[in-house]
Amino acid sequence: MESQSAELAKDRCYVALTHGHLKVQEIMDRVRSPQAGAIVLFAGTTRDNFAGKPVKELQYSAYTPLALKTMLSICERMIARHGLESIAMIHRLGTVPIGEESILIAVSAPHRQAAWMAGEEALEDCKRHVEVWKREEFEGEEGVWRANRDGLPGQKIAEDHEDAS
């Protein structure tokens with residue numbers, strides 16, 4: 001299966017959504033600059049448990065056109081607010097097995113403090129606002145859709161399988 005991806009780039013911002021594996025070196029190279037004294041990289045990975053339950057994998061879906069625009073807006077805001085050289089954000093869609101990356105955010109700045117702050121803020125804004133949804137699949141149980149935020153429980157969605165005849 002070919003990896004599907006979509007991306008947007010503007011000025012010193014790059015954002016993407018992909019069904020392929022995320023590549024750390026590629027995203028770091030996108031923000032590399034001779035004016036940068038720091039590159040900060042965040043890699044979010046699938047952990048093997050949530051609230052004591054064994055997680056099998058995560059499934060991510062998105063409203064791609066709007067998610068890319070929201071991601072780009074976050075990146076532009078981070079550049080303006082923190083004086084960054086560049087920022088890149090890529091989120092994986094589809095199935096993300098245990099231990100693999102679901103999101104990479106790379107930030108370059110003249111000084112490390114701005115890079116650290118912008119990276120954290122970009123991640124929180126992404127989780128809060130980007131139109132990406134997460135389903136946790138558990139070992140031996142049904143999966144649960146979750147808000148794409150730390151620690152917020154999901155709600156089971158009852159599926160009605162009755163015929164309307």
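Two strands are taken to pair if DSSP finds at least two bridges between them, strands (E, at least two residues) and helices (H or I, at least four) being DSSP runs numbered from the N terminus. The structure is a predicted model, in which local features need pLDDT of at least 70 and side-chain atom pairs count only at pLDDT 80 or more, while totals for chains, interfaces and linings use all residues. Residues are numbered from 1 along each chain as its sequence is written, and side-chain values use heavy atoms, with hydrogens and water left out.

Strand β8 (residues 101–109) runs antiparallel to both partners listed here.

| Partner of β8 | Bridges | Residue facing β8 | Residue in β8 |
|---|---|---|---|
| β3 (residues 38–45) | eight | Ala43 | Leu104 |
| β6 (residues 86–92) | six | Ala88 | Ala106 |

Eight of the nine residues of β8 are buried, that is, under 20% relative accessible area with a 1.4 Å probe and protein chains only, where exposed means over 50% and partly exposed lies in between. Trp145, in strand β10 (residues 144–146), counts as partly exposed because its relative accessibility is 31%.

Trp145 also joins Tyr63, Leu66 and Trp133 in a nonpolar surface patch of about 400 Å². Such patches are made of residues with over 30% relative accessible area and no salt bridge, nonpolar side chains (Val, Leu, Ile, Met, Phe, Trp, Tyr) being joined within 5 Å and like charges within 9 Å; the areas come from the Shrake-Rupley method with a 1.4 Å probe, and a salt bridge is a side-chain nitrogen of Lys or Arg within 4 Å of a carboxyl oxygen of Asp or Glu.
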